[in-house]
Amino acid sequence: ERGDLGLSVKTHIPAVNEMLNGGLRSGQLCIVAGRPGMGKSAFAMDLLESASEIGPCLYFSFEMSLDEFGERFVAKSGKDALGLSTSKNLRLITKGGWSEQIRDRAISFRDECRDSGQVLQVIAIDHIGLIQPAVGLGQRSREQEISLISRSMKLLAGLLDCPIILLSQLNRGVTH
């Protein structure tokens with residue numbers, strides 16, 4: 001459970017909770033990286049499904065449409081994605097990959113949670129390579145953009161006082 005002391009949100013995997021000293025901490029940015037097809041999205045879906053049993057969660061999926069996400073979720077779990085979204089406190093967003101839009105939507109959702117007496121548990125963002133940095137920053141390398149996006153997501157986690165899981169797809173050419 002989470003609380004004022006920044007207690008953790010437990011994942012659905014006990015070994016991961018142990019490695020994280022109890023789970024994901026409030027204000028923490030956790031980057032999950034791997035090659036395509038390694039299960040990053042499935043891990044994030046499972047984590048949010050589990051956390052949504054405690055309270056509201058937010059999943060940004062810029063890699064899949066809402067229909068694709070639903071099909072993948074149903075194939076993985078045998079459950080109805082729309083039913084999960086409405087009954088288990090899980091909001092899915094599949095449009096708008098600008099870092100400002102993510103920030104604004106996350107703050108708005110956190111405020112909705114507070115207004116209903118709930119605490120935002122965790123946010124997952126799939127994936128960093130599809131996020132566009134803030135408008136008007138001038139020409140930067142993609143490496144600089146990714147650094148800025150990572151930093152802004154860490155600041156957002158602190159502002160929202162909840163953990164953010166940020167998925168990152170590694171290049172197929174990376175070996176070691």
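## Charged surface, salt bridges and backbone features of a predicted model

E71 counts as exposed because its relative accessibility is 57%, above the cut-off of 50% for that class. This residue belongs to helix α3, which spans residues 66–77. E71 is also one of the members of a negative surface patch, together with E63, D67 and E68. The structure described here is a predicted model.

**Overall architecture**

The chain has 176 residues, of which 43% count as buried. Its secondary structure amounts to six helices and seven strands. Followed along the sequence, these elements are arranged in the pattern β-α-β-β-α-β-α-α-β-α-β-α-β.

**Salt bridges**

Side chains of opposite charge can pair when their charged atoms come close. In this model the count of salt bridges is three. The pairs are set out below, with the distance between N and O atoms and the relative accessibility of each partner.

| Acidic residue | Basic residue | N to O distance |
|---|---|---|
| E112 (37%) | R91 (34%) | 2.8 Å |
| D104 (43%) | R103 (37%) | 3.2 Å |
| D111 (30%) | R110 (10%) | 2.9 Å |

E112 and R91 form a salt bridge in which the closest N and O atoms are 2.8 Å apart. This pair links distant parts of the chain, since E112 sits in helix α5 (residues 99–115) and R91 in strand β5 (residues 90–93), with their positions 21 residues apart in sequence. E112 is classed as partly exposed because its relative accessibility is 37%, and R91 is likewise partly exposed, at 34%.

The side chains of D104 and R103 meet in a salt bridge with an N to O distance of 3.2 Å. With a relative accessibility of 43%, D104 counts as partly exposed. R103 has a value of 37% and is therefore partly exposed as well.

A further salt bridge joins the side chains of D111 and R110, at 2.9 Å from N to O. Are the two partners buried or partly exposed? D111 has a relative accessible area of 30% and is partly exposed. R110, in contrast, has a relative accessibility of 10% and so counts as buried, given that the buried class lies under 20%.

**D126 and its surroundings**

D126 is placed in strand β6, which covers residues 122–126. Its relative accessible area is 1%, so D126 is buried. Which side chains make polar contacts with that of D126? One contact, of 2.4 Å, joins the side chain of D126 to that of S41. Another, of 3.3 Å, joins the side chains of D126 and Y59.

D126 also takes part in an uncommon backbone feature: the peptide bond between D126 and H127 is cis, with omega at about 0°. Most peptide bonds are trans, and most residues other than glycine have a negative phi. H127 lies in the loop that runs between β6 and α6 (142–160).

**Positive phi angles**

N21 is not a glycine, yet its phi is positive, near 55°. N21 is found in the loop between α1 (14–19) and β2 (24–25). Its relative accessibility is 60%, and N21 therefore counts as exposed.

D161 likewise has a positive phi of about 55° without being a glycine. This residue is located in the loop between α6 and β7 (164–169). Because its relative accessibility is 37%, D161 counts as partly exposed.

**T11 and L48**

T11 occupies the loop between β1 (8–9) and α1. At a relative accessibility of 7%, T11 counts as buried. How far apart are T11 and L48 in sequence and in space? They are separated by 37 residues in sequence and by 8.3 Å in space, from C-alpha to C-alpha.

**Summary of the charged residues**

The acidic residues of the model appear in several settings. E63, D67, E68 and E71 form the negative surface patch. E112 is paired with R91 in a salt bridge, D104 with R103, and D111 with R110. D126 is buried, and its side chain is joined by polar contacts to those of S41 and Y59. D161 is partly exposed and has a positive phi.

Methods
Residues numbered from 1 in each chain as written. Predicted model: local features only at pLDDT ≥ 70, side-chain atom pairs only at ≥ 80, totals over all residues. Heavy atoms only, no water. Patch = residues over 30% accessible without salt bridge, like charges linked within 9 Å, V, L, I, M, F, W, Y side chains within 5 Å. Areas by Shrake-Rupley, 256 points an atom, 1.4 Å probe, with all protein chains shown as cover. Salt bridge = Lys/Arg side-chain N within 4 Å of Asp/Glu carboxyl O. Lys, Arg positive; Asp, Glu negative; His and termini not counted. Charge placed at Lys NZ, Arg CZ, Asp CG, Glu CD. Helix = DSSP H or I, 4+ residues; strand = E, 2+ residues; numbered from the N terminus. Buried < 20%, exposed > 50% of the residue type's maximum accessible area, 1.4 Å probe, protein only. Polar contact = N/O pair within 3.5 Å; in protein donor to acceptor, adjacent residues only side chain to side chain.
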